[in-house]
Amino acid sequence: MATVHLRIGDLVWGKLGRYPPWPGKIVSPPKDLKKPRGKKCHFVKFFGTEDHAWIKVEQLKPYHAHKEEMIKINKGKRFQQAVDAVEDFLKKAKGKEQNSDGKGDSKGKKTPNKPLKILDEDDEDLSALKDPSEKDLADSDPEPSTVERLGAGPGSGFKWESSPVKDDPHFHHFLLSQSEKPASSMEPISKRLKIIEEVTGSTSIQAADSTAINGSITPTDKRIGFLGLGLMGSGIVSNLLKMGHIVTVWNRTAEKCDLFIQEGARLGRTPAEVASMCDITFSCVSDPKAARDLVLGPSGVLQGIRPGKCYVEMSTVDPETITELSQVITSRGGRFLEAPVAGSQQLSNDGMLVILAAGDRTVYEDCSSCFQAMGKTSFFLGEAGNAARMMLILNMVQGSFMATIAEGLTLAQATGQSQQTFLDILCQGQMASTFVDQKCQNILQGNFKPDYYLKHIQKDLRLAISMGDMANHPTPMAAAANEVYKRAKALDQSDNDISAVYRAYIH
């Protein structure tokens, strides 16, 4: 099929990943937003939302030529509102064209049609048009001839495998993106840090002394935002404040913010407000859905992202979620870093977490004092998604190990052996560790107060198994452990510590 050449002002359908094709208009990008390197793309402003993004040419289709096809496969309410906004715009453009046609010179010649204007992002209802004399190319509308050409244009020459999408409130703030990976700097973070380049290309950054303990950190002057005050987030924020950082906090349950406000934190009313107020915004939430909702949902982070703003995702999620969030943040001109943490509530409180980071290297460097405050070591693992992969592997091993320890304790009891003696022997051998001693002692005491939620380690096992499937790599041990944790969840142990997997063997 013939290739359709698109230009500024054309109405299009833009698509990315699992999201439905969305109607938009090709516009000139803001002057401070650079075009991604690589494949050819256009800057698209979407109808029915306040969103805009760089979209690769192969992910764009002319609006009119594919309108009926798109309406058939997408039935969501917000999608229909976006289509209505396009039709409203076209009616106004047509009326403007007719008015212009009636104004010729004395010889009957028509004056050239001036480009129309689409409303600014602040005008969500598209109820009026701006003065055509304005010269803001980012908001210029297509000339009537362009609209007519789109209506008669051929197909785009490629296929989308689309499926019906249900009405989803998150689509109101979704952003399509095909941004390339951000450039990264290889300069050292600070004199306090030692940087170890490994043959793998990953970087380990450690505090030369235990800075979170002795307090020898010089805090960054950047404004820090933190979203999510759960078991891990609470300890992280507390240490950021102790080390002198300026922190604005937000939590879905607002009462959890009170303690930190008393310690000197500022309160953000929404994730969008925190992101817009702060230079670097961290988030630490429970799972992929919560991470997406925080960014893409109503009043989400995405609405507060502007060129230069940094977003650091600390949640343990799958690589696909990280890729999606990285794309939507960078498409707004933001900078993205993933930084999940290995540890527990106690290690979080002590500022002794291990941070695994990947994505924009310059953001990693900007976060140096924050990482020193919250952890004992941090690793930079390259492109976004690598930290998520490594974190899932680590938690897969930890979860499987914990299930095996619980199995050993219960087998000792079932065969008439002393569980305490089993633990004493274990802690004198090669597997001796604080983790083993603490978890086993808690089990023997019947103390399952959460240090790391059982439901979260089961989620990590599930994601790790899925990752193994995609890599065509067997994970039978993790699969077996996952079944034990699922049984523990069925026994109402989800909100207890991971050591409560022990109860799956005694019921």
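Reader: In which sense do strand 3 and strand 4 (residues 52–56) pair?

Author: Keep in mind that we're looking at a predicted model here. Strand 3 and strand 4 are joined by 5 bridges, with Cys 41 of strand 3 standing opposite Lys 56 in strand 4. The sense of that pairing is antiparallel.

Reader: And on the strand 2 side, which residue in strand 3 is the bridge partner of Lys 25?

Author: Strand 2 covers residues 22–26, and strand 3 covers residues 41–46. The two run antiparallel and are joined by 3 bridges. For Lys 25, the bridge partner in strand 3 is Lys 45.

Reader: How many of the residues of strand 3 are buried?

Author: Take one side of the strand at a time. Cys 41, Phe 43 and Lys 45 point one way, and all of them are buried. His 42, Val 44 and Phe 46 point the other way, and they're buried too. That makes strand 3 mostly covered, with a buried count of 6 of 6.

Reader: Let's jump to strand 9 (residues 247–250). Which residues cover the side opposite to Val 247 and Val 249?

Author: Strand 9 is covered on both faces. Val 247 and Val 249 sit buried on one side. The buried residues on the other side are Thr 248 and Trp 250.

Reader: What is the handedness of the crossover from strand 8 to strand 9?

Author: Strand 8 (residues 224–227) pairs with strand 9 in the parallel sense over 4 bridges, and Phe 226 stands opposite Val 249. To get from strand 8 to strand 9, the chain goes through helix 5 (residues 231–242). This is a β-α-β crossover, and its handedness is right-handed.

Reader: Strand 9 pairs with strand 10 as well. Which residue there is the bridge partner of Thr 248?

Author: Strand 10 is made of residues 266–267, and it pairs with strand 9 in the parallel sense over 2 bridges. The partner of Thr 248 in strand 10 is Arg 266.

Reader: Is Glu 273 buried or exposed?

Author: Glu 273 lies in helix 7 (residues 271–277). Leaving out residues up to four places away in sequence, Glu 273 touches Leu 267 and Gly 268. Its relative accessibility is 16%, and the cut-off is under 20%, so Glu 273 counts as buried.

Reader: Now for some helix packing! At roughly what angle do helix 17 (residues 454–470) and helix 18 (residues 476–490) cross?

Author: Two packed helices are described by the angle between their axes and the distance between the axes. For helix 17 and helix 18, the axes come within 9 Å. Helix 17 passes helix 18 in a left-handed crossing, and the angle is roughly 145°.

Reader: How many residues in the contact of helix 17 with helix 18 are nonpolar?

Author: From helix 17, residues including Leu 454, Leu 461 and Ile 465 take part, and they meet residues of helix 18 that include Ala 478, Tyr 485 and Lys 489. Sorting the residues of this contact gives 2 polar and 3 charged ones. The nonpolar count is 9.

Reader: Why does Asn 482 count as buried?

Author: Asn 482 has its place in helix 18. Leaving aside neighbours within four places in sequence, Asn 482 is in contact with Gln 458, Leu 461, Arg 462 and Ile 465. Buried means under 20% relative accessible area, so Asn 482 makes the cut with a value of 7%.

Reader: What about the loop between helix 17 and helix 18: what is phi of Asn 472 there, roughly?

Author: Asn 472 is exposed, with a relative accessibility of 72%. Asn 472 isn't a glycine, yet its phi is positive. The value is near 55°.

Reader: Which residue in the segment after helix 18 has a positive phi of about 65°?

Author: The residue to look for is not a glycine. It is exposed, with a relative accessible area of 67%. You'll find it in the segment after helix 18, and its name is Asp 492.

Reader: How far apart in space are Lys 449 and Asp 497?

Author: Lys 449 lies in the loop between helix 16 (434–445) and helix 17, and it is exposed at 64% relative accessible area. In sequence, Lys 449 and Asp 497 are 48 residues apart. In space, C-alpha to C-alpha, the distance is 5.7 Å.

Reader: Last one, for the whole protein: what percentage of its 507 residues count as buried?

Author: The protein has 18 helices and 16 strands. Among contacts between residues at least 6 apart in sequence, 67% join residues at least 24 apart. The buried share of the 507 residues is 51%.

Conventions:
Residues are numbered from 1 along each chain as its sequence is written. This is a predicted model: local features need pLDDT of at least 70, side-chain atom pairs count only at pLDDT 80 or more; totals for chains, interfaces and linings use all residues. Side-chain values use heavy atoms; hydrogens and water are left out. Axes are lines fitted to C-alpha atoms, for helices over the stretch in contact, and angles run from 0 to 180 degrees between N-to-C directions. A crossing is left-handed if the near helix is turned anticlockwise from the far one by less than a right angle, and right-handed if clockwise. Contact means heavy atoms within 4.5 Å. Ala, Val, Leu, Ile, Met, Phe, Trp, Tyr, Cys and Pro count as nonpolar, Asp, Glu, Lys and Arg as charged, and the others, Gly among them, as polar. Buried means under 20% relative accessible area, exposed over 50%, partly exposed in between (1.4 Å probe, protein chains only). Two strands pair if DSSP finds at least two bridges between them. A crossover is right-handed if, with the strands pointing away from the viewer, the path from the first strand over the helix to the second runs clockwise.
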